[in-house]
Amino acid sequence: MELVRKRSSWRIVYLALLIFLLDQLTKLLVLHYLGYAQEKVILPGFFKLVHWGNTGAAWSIFRGNNAVLAGVACAALIILFFTRHHFDLHTLGGQLSLGLIFGGILGNLTDRLARQHVIDFLYFYVIRRDGDEVGFPAFNVADSAICIGVGLLFILSWMSESAKTAEPKSR
């Protein structure tokens with residue numbers, strides 16, 4: 001049992017490291033190829049690469065609170081680390097979800113500490129009939145990993161609860 005636990009922990013570490021490296025590599029490419037606030041249209045009317053800084057959280061809420069959000073990220077990492085045994089780590093899904101979340105938090109935390117803002121660069125948008133641009137808030141690899149990891153965790157928890165309620169009760 002201990003060997004299984006160690007293997008699952010290493011899978012989480014490896015995935016977190018992969019996500020962290022992919023996030024930081026893509027952000028370095030953005031820093032190298034795009035000036036701050038510069039945009040490069042990839043699919044007109046749908047997708048741009050941008051170089052935007054975010055001192056807030058998702059959708060720029062709490063803008064200007066970079067230090068506080070760095071503290072929240074550190075607290076989240078510590079809490080997740082010490083409570084990870086509460087998650088279903090013997091399944092690949094549980095390992096994937098935590099690896100994605102850990103890697104994503106580390107990626108954005110690195111930006112907050114090194115650059116005093118998170119670099120966002122993936123921007124999806126549409127052009128309305130009046131010519132105005134309406135877009136989904138720009139995001140990055142770390143943001144995607146966190147969202148996918150949390151979503152997967154919710155799905156796995158829901159499936160686990162559904163399986164428990166579907167089991168016949170013993171008398």
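The following conversation asks how the descriptions of this predicted model are justified.

Visitor: What should I know about the model before we start?
Guide: This is a predicted model, in which local features need pLDDT of at least 70 and side-chain atom pairs count only at pLDDT 80 or more, while totals for chains, interfaces and linings use all residues. Residues are numbered from 1 along each chain as its sequence is written, and side-chain values use heavy atoms, with hydrogens and water left out.

Visitor: What makes β3 and β4 a pair?
Guide: Strands here are DSSP runs of E with at least two residues, and helices are runs of H or I with at least four, numbered from the N terminus. Two strands pair if DSSP finds at least two bridges between them; β3 (residues 118-127) and β4 have 3 bridges and run antiparallel, so they meet that definition. Within this pairing, Ile 127 stands opposite Glu 133 of β4.

Visitor: How many bridges join β1 to β2?
Guide: There are 4 bridges between these antiparallel strands, and one bridge partnership is that of Glu 39 with Val 50 in β2. The two strands form a hairpin with 3 residues between them, and Gly 45 in the turn has a positive phi of about 80°.

Visitor: Which are the edge strands?
Guide: The sheet is open, with 4 strands in the order β1-β2-β3-β4 and antiparallel pairing. Its edge strands are β1 (39-43) and β4 (133-135), each of which pairs on one side only.

Visitor: Where does helix α3 lie?
Guide: Helix α3 (residues 92-115) lies across β2 (47-54) and β3, and runs at about 115° to β3. Such angles are taken between N-to-C directions, from 0 to 180 degrees, using axes that are lines fitted to C-alpha atoms, for helices over the stretch in contact (contact means heavy atoms within 4.5 Å).

Visitor: Why is Asp 132 called partly exposed?
Guide: Buried means under 20% relative accessible area, exposed means over 50%, and partly exposed is in between (1.4 Å probe, protein chains only). Asp 132 has a relative accessible area of 41%, so the middle term applies. Asp 132 lies in the loop between β3 and β4 and, leaving aside its neighbours within four places in sequence, is in contact with Val 126 and Ile 127.

Visitor: Why is Ile 61 called partly exposed?
Guide: Its relative accessible area is 45%, and Ile 61 is therefore partly exposed. Ile 61 has its place in the loop between β2 and α2 (66-83).
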